[in-house]
Amino acid sequence: MNFRLQPKRPKAFASISPRSGRTKTAQRFIAGYRLVFRTLVRKADDRILVHDSSPTPLSPVSRALGKNSSIDPSIRGAGLFSFVRYADSNRLLFTLLVTFALGWGASCSRQPAPQSTSLTRAVTDEAGRRVVLPQKIDRIISLAPNLTEIVYAVGAGNRLVGDTTYCDYPEPAKSVAKVGDTMTPSVERIIGLKPQIVLVSTASQLEAFTNQLSAQQIAVYVTNPQSLDDVFHSIQTLGDLFNEHDRAASVVSGLRTRADAVDAATKTAKPVKVFYQVAGEPLYTIGRDAFTTDLIRRAGGASVTAEVPGAFPRFSDEAALAAKPDAIILPTGGSMGEGNSAVVSALKNSPAVLNGRVYKINGDLLSRPGPRLVDGLEEMARALHPEAFR
């Protein structure tokens with residue numbers, strides 16, 4: 001049997017990756033003549049008389065160039081351009097250069113564009129955390145009703161792939177895949193939905209699952225508004241994250257106009273002392289860090305627990321009785337149903353109850369720091385100062 005031994009390929013050829021994406025013609029061309037170009041460039045830059053005595057068989061192009069080459073000393077200091085100028089004096093080498101450029105350019109045009117770091121961006125969320133996000137976000141999960149409402153308000157509702165069992169507004173939110181409730185979502189369901197970003201309402205939700213999501217390269221973005229202005233900021237920021245800047249700006253502008261109208265109407269009214277009952281048994285109220293405290297102030301009221309540390313502190317019956325509020329607000333109805341619809345026993349003899357100033361307002365409008373918070377502000381202002389809106 002006769003065997004034809006394949007000649008050993010030059011080392012330069014072996015270094016070419018078969019995954020480079022170049023055409024076979026371009027690969028052969030580059031493999032065969034890369035060494036020649038590299039040698040000529042080096043010799044040109046060294047500005048020496050070249051005498052090639054290599055015993056290695058030369059390619060046809062190399063033999064055409066001849067073994068002896070000389071560099072014109074007038075091109076000193078030209079660097080790589082010295083090679084170009086030298087090639088200009090040699091028609092065959094110039095033709096070789098053009099052919100190489102065309103072959104290499106054609107091969108590059110067929111290569112997929114490399115992934116660029118510009119496809120991601122780093123932002124700081126409202127908990128002060130650095131979060132790396134894709135430039136274009138197409139898959140969102142919301143872990144709070146207010147955030148779900150914001151996503152829809154800024155025009156990104158069609159990108160929402162998951163939310164919580166409490167996310168019931170607007171109507172399309174009810175049909176989105178559920179990942180559990182607000183405080184104990186299912187990490188497995190979240191990962192299974194392959195989101196690019198998970199929206200969280202407060203940092204208290206963060207610790208339990210952020211590491212697991214980070215391991216899956218899923219970004220977690222925290223919002224934590226403590227005033228109505230903070231809510232407006234959250235709306236605009238989320239709109240920007242979803243590349244819906246103009247839509248978010250329009251929403252915020254309309255909400256600010258309505259909030260300013262309430263401020264103007266109640267500006268000269270005497271503030272009403274308000275107790276805000278978050279829950280009755282046990283008794284919870286709002287504190288210094290709650291956005292609702294700011295909402296009461298804007299509505300022409302003054303929360304009697306405005307200086308209590310925290311956002312939603314537990315309150316003693318004795319302290320509630322001693323506060324002697326002139327008005328009591330009960331967030332009830334909405335997703336809360338009939339919960340929290342009765343005044344706690346400790347306040348039965350308060351001025352608010354004795355004077356019939358107990359106001360029930362849809363809890364969703366007061367407890368969700370989103371676009372409908374201004375609806376709650378308007379209802380509260382009308383309850384506390386009806387004379388200002390006649």
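Here's a quick tour of two sheets, the helices packed on one of them, and one buried asparagine. Keep in mind that this is a predicted model. Each of the two sheets is open and parallel, one running β6-β5-β7-β8 and the other β10-β9-β11-β12.

**The β6-β5-β7-β8 sheet**
- Four strands line up here in the order β6-β5-β7-β8, with parallel pairing.
- β6 (160-162) and β8 (219-222) sit at the edges with a single partner strand each, so one side of each has no neighbour in the sheet.
- On average, neighbouring strands of this sheet are turned by 35° against each other, ignoring direction.
- Strand β5 (residues 140-142) pairs with β6 in the parallel sense through 2 bridges, and Ile141 has Gly162 in β6 as its bridge partner.

**The β10-β9-β11-β12 sheet**
- This one is also an open sheet of 4 strands with parallel pairing.
- Its edge strands, β10 (301-303) and β12 (358-362), each pair on one side only.
- From one strand to the next, the twist averages 35°.
- β11 (residues 327-332) and β12 are joined by 5 bridges in the parallel sense, with Leu330 opposite Lys360 in β12.

**Helices on that second sheet**
- Helix α11 (residues 291-298) packs on the sheet by touching β9 (272-276) and β10, and its direction makes about 150° with that of β10.
- Helix α15 (residues 373-384) lies across β9, β10, β11 and β12, at about 165° to β12.

**A look at Asn146**
- You'll find Asn146 in helix α6 (residues 145-153).
- Asn146 counts as buried because its relative accessible area is 5%, and the cut-off is under 20%.
- Beyond its neighbours within four places in sequence, Asn146 contacts Ser201, Arg368, Pro369 and Gly370.

How values were computed. Residues numbered from 1 in each chain as written. Predicted model: local features only at pLDDT ≥ 70, side-chain atom pairs only at ≥ 80, totals over all residues. Heavy atoms only, no water. Buried < 20%, exposed > 50% of the residue type's maximum accessible area, 1.4 Å probe, protein only. Contact = heavy atoms within 4.5 Å. Pairing = 2+ DSSP bridges. Axes fitted to C-alpha atoms, helices over the stretch in contact; angles between N-to-C directions.
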